[in-house]
Amino acid sequence: MSAPSNAPISPLEQALHAARALVLADLAAGEVAASDVVSMVEDSVVQRRWWVGQWPEGAEFVAGLVAQDVQDALLESYGRWPLCPVCGSGDPHALDVEPELGPDPHWVCHKAGMKIAAVGSLRTAAGGTGSP
């Protein structure tokens with residue numbers, strides 16, 4: 001077995017690790033973090049590693065992109081995720097990530113017209129707090 005490396009982790013890898021952690025936190029908050037779903041996160045991280053390798057300036061956008069990738073993958077096998085925690089009436093609907101390509105991604109309810117939580121912070125939004 002080889003000794004652990006003391007080499008610093010590149011900023012691109014740090015962004016990918018952070019994106020993985022944020023999306024996994026949101027999945028856990030919704031109790032959706034089954035092994036097949038975690039595999040979806042890993043698949044997205046692999047694809048985004050190539051993407052950010054081609055465009056390093058996009059590293060700050062990776063968390064939102066991984067969240068969108070997982071959301072799209074879940075739609076096919078699980079259904080809409082994450083469901084809006086603030087709209088109590090009508091059909092259940094999923095939150096969207098905004099900006100679609102930008103820093104500081106948030107989960108947003110377009111029906112209520114409000115930010116619900118930063119990507120990675122859905123657990124704190126469970127009580128229905130958000131900001132317009």
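**Notes on the predicted model, starting from Ser44**

1. Ser44 counts as buried, because its relative accessibility is 3% and the cut-off for buried is under 20%. The residue sits in helix H2. Keep in mind throughout that this is a predicted model.

2. What does Ser44 touch, once neighbours within four places in sequence are set aside? Its contacts are Val66, Asp69 and Val70. These three are themselves on the buried list for H3, and H2 (35–54) is among the elements that cover the buried residues of that helix.

3. On to H3 itself, which runs over residues 62–77. I checked its length: 16 residues at 1.5 Å each should span 22 Å, and the end C-alpha atoms are 23 Å apart, so the two agree.

4. Which residues of H3 are buried? Starting at the front of the helix, there is Val62, Ala63, Gly64, Leu65, Val66, Ala67, Gln68, Asp69, Val70 and Gln71, and then Leu74. Note that Gln68, Asp69 and Gln71 are on that list along with the Val, Leu and Ala residues.

5. As for what lies over those buried H3 residues, the cover includes helix H1 (11–29) and helix H2 (35–54), and also strands S1 (96–98) and S2 (106–109). So that you don't miss it when scrolling past the helix: Gly79 follows H3 and has a positive phi, near 125 degrees.

6. The overall layout is easy to follow: the chain has 3 helices and 3 strands, and in sequence order they read α-α-α-β-β-β. Of its 132 residues, 37% count as buried. Taking contacts with a separation of 6 or more, 47% are between residues 24 or more positions apart.

7. The largest pocket holds about 230 Å³ of space. Its lining is made up of 14 residues, and the ones closest to the centre are Ala29, Gly30, Pro82, Leu83 and Leu122. By class, the lining splits into 10 nonpolar, 1 polar and 3 charged residues.

8. Finally, confidence. Mean pLDDT for the chain is 87, with 89% of residues at 70 or more. The stretch to watch is residues 128–132, where pLDDT is below 50, although the model gives this stretch 11 contacts beyond near neighbours in sequence. Where pLDDT is low, predicted coordinates should not be read in detail.

Note on methods
Residues numbered from 1 in each chain as written. Predicted model: local features only at pLDDT ≥ 70, side-chain atom pairs only at ≥ 80, totals over all residues. Heavy atoms only, no water. pLDDT = per-residue confidence, 0-100. Contact = heavy atoms within 4.5 Å. 1 Å grid on protein atoms, 1.4 Å probe; cavity = no way out; pocket = protein on both sides within 12 Å on 5 of 7 lines; lining within 4 Å. Points joined across faces, edges and corners; volume = space filled by probe spheres on them. Nonpolar A, V, L, I, M, F, W, Y, C, P; charged D, E, K, R; others polar. Helix = DSSP H or I, 4+ residues; strand = E, 2+ residues; numbered from the N terminus. Expected span 1.5 Å × (residues − 1). Buried < 20%, exposed > 50% of the residue type's maximum accessible area, 1.4 Å probe, protein only.
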